[in-house]
Amino acid sequence: MAFKIYKIMKIQIHKIHKLSIIILMFFTNILLSQAKKPTLMVVPADNWCYENGYSESYNNQGVVKDIPSYRLALQRDTDLDLVITQINGMLSKRDFDAKNLKSQLDKIESAAAEEAMRSSKYSGAEVAESPVDALKKVAKADIILKLGWTVNNDGMEKSVTFILKAIDSYTGKQIAEASGTGAPDFSSPLPVLLEEAVASHIDAFLAELQTAFERWFEKGRECSVGIRIWDDWDYDLESEDFGDDELGFLIEEWMEDNTVGGAFTTMDAEATMMNFEQVRIPMTYEKKGKVRGLDARTWAKDLSKYLTGLGIENKLTTVGLGEVKLYLGSK
């Protein structure tokens with residue numbers, strides 16, 4: 001009798017254990033489905049733009065570079081807007097926020113605001129922002145998806161080969177890639193062919209992006225910080241007039257105290273300039289009871305305030321979302 005009771009209790013305990021696991025999995029799936037997802041923006045790939053003649057010249061501190069012209073591509077390629085709309089639809093169905101390239105370009109043009117040009121003691125050059133960096137700053141997309149494709153004609157049939165790269169909008173580093181060729185088709189238009197080619201790869205690709213995004217929450221997001229001084233300033237980064245150490249070391253101490261896990265790399269440290277890379281900043285901050293996304297400029301405001309507290313007037317400038325420069329000595 002005792003053995004029977006023990007056996008029944010053992011079965012019941014096993015059932016309760018299984019039920020607990022099922023309930024735990026259920027709520028875990030709910031939490032995962034509600035997890036914050038990165039904001040994406042689809043743009044034509046650089047190579048695709050260059051091959052099709054959609055580029056413009058940009059003067060980067062005296063060096064003229066060719067960069068993709070998304071506006072020109074949208075104006076001249078009738079399929080591009082449809083292709084982006086089609087891919088954005090795929091992303092939206094999977095609950096990803098997809099910024100529309102054309103709308104973001106319109107925002108930049110309607111704002112029509114020009115930043116004042118400034119020079120630094122180190123380079124004597126202008127602080128300029130490329131149209132691509134300006135787009136990233138306005139769109140504030142976490143990840144840029146660069147899409148390139150080739151149409152393959154085989155007699156009456158045609159197919160599309162695509163390559164899709166995910167780029168961290170803060171650092172320009174590639175974090176994922178997908179490529180493939182769709183099934184041949186007689187009559188479907190390019191946007192449909194491209195959607196069908198991408199469809200079999202998109203879920204694994206987006207899962208990779210989600211993993212990278214969640215890693216940023218855990219370890220911080222990368223950005224870069226530059227420190228420069230003006231010609232007419234009476235001090236430099238080796239001055240010991242602002243605390244118990246040289247100014248450059250005081251700035252490094254602040255960086256260590258205000259980055260995630262104290263993670264940053266000092267790439268250059270001289271009397272007139274410092275460069276920090278792989279600076280890990282939090283993904284969010286709270287203001288007025290609301291959790292907001294944190295970009296490099298907002299984070300660097302605290303560094304600007306710290307320097308002001310030391311009696312150092314300074315000017316904070318930005319390049320895109322993930323790069324800031326501080327000019328010490330005046331506004």
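Q: Where does D245 lie, and which residues is D245 in contact with once close sequence neighbours are set aside?
A: In this predicted model, D245 sits in the loop that links strand 8 to helix 8. Leaving out neighbours within four places in sequence, D245 is in contact with S239, E240, L250 and E253.

Q: Is D245 buried, partly exposed or exposed?
A: Go by relative accessible area: under 20% is buried, over 50% is exposed, and in between is partly exposed. D245 comes out at 27%, so D245 counts as partly exposed.

Q: Moving on to helix 8, what span should its twelve residues have?
A: Allow 1.5 Å a residue, and helix 8 (residues 247-258) should span 16 Å. The C-alpha atoms at its ends are 17 Å apart, which agrees.

Q: Which residues of helix 8 are buried, and what covers them?
A: The buried ones are L247, G248, L250, I251, E252, W254 and M255. Their cover includes strand 8 (221-229), strand 9 (265-269), strand 10 (273-281), helix 9 (296-309) and strand 14 (323-328).

Q: What should I make of a positive phi?
A: Most residues other than glycine have a negative phi. Here, D95 has a phi near 65°, and K140 has one near 50°. D95 is in the loop between helix 4 (80-93) and strand 4 (98-99), while K140 is in the loop between helix 6 (131-139) and strand 5 (143-154).

Q: And are those two buried or exposed?
A: D95 is exposed, at 58% relative accessible area. K140 is exposed too, at 51%.

Q: How do I read the order of strands in a sheet?
A: Follow the strands from one edge to the other. Five strands make an open sheet here, ordered 4-1-5-6-7, with mixed pairing. Strand 4 and strand 7 (174-181) are at the edges with a single partner strand each, so one side of each has no neighbour in the sheet.

Q: In which sense do strand 1 and strand 5 pair, and what lies across strand 1?
A: Strand 1 (residues 40-44) pairs with strand 5 in the parallel sense, over five bridges. V43 stands opposite K146 in strand 5. Helix 7 (residues 190-219) lies across strand 1, strand 5, strand 6 (157-168) and strand 7, and runs at about 20° to strand 6.

Q: Where is the pLDDT below 50?
A: Where pLDDT is low, don't read the predicted coordinates in detail. The protein's mean pLDDT is 85, with 84% of its residues at 70 or more. Residues 2-11 have pLDDT below 50 and zero contacts beyond near neighbours in sequence. Residues 13-34 are likewise below 50, with zero such contacts.

Technical notes:
Residues numbered from 1 in each chain as written. Predicted model: local features only at pLDDT ≥ 70, side-chain atom pairs only at ≥ 80, totals over all residues. Heavy atoms only, no water. Helix = DSSP H or I, 4+ residues; strand = E, 2+ residues; numbered from the N terminus. Expected span 1.5 Å × (residues − 1). Buried < 20%, exposed > 50% of the residue type's maximum accessible area, 1.4 Å probe, protein only. Contact = heavy atoms within 4.5 Å. pLDDT = per-residue confidence, 0-100. Pairing = 2+ DSSP bridges. Axes fitted to C-alpha atoms, helices over the stretch in contact; angles between N-to-C directions.
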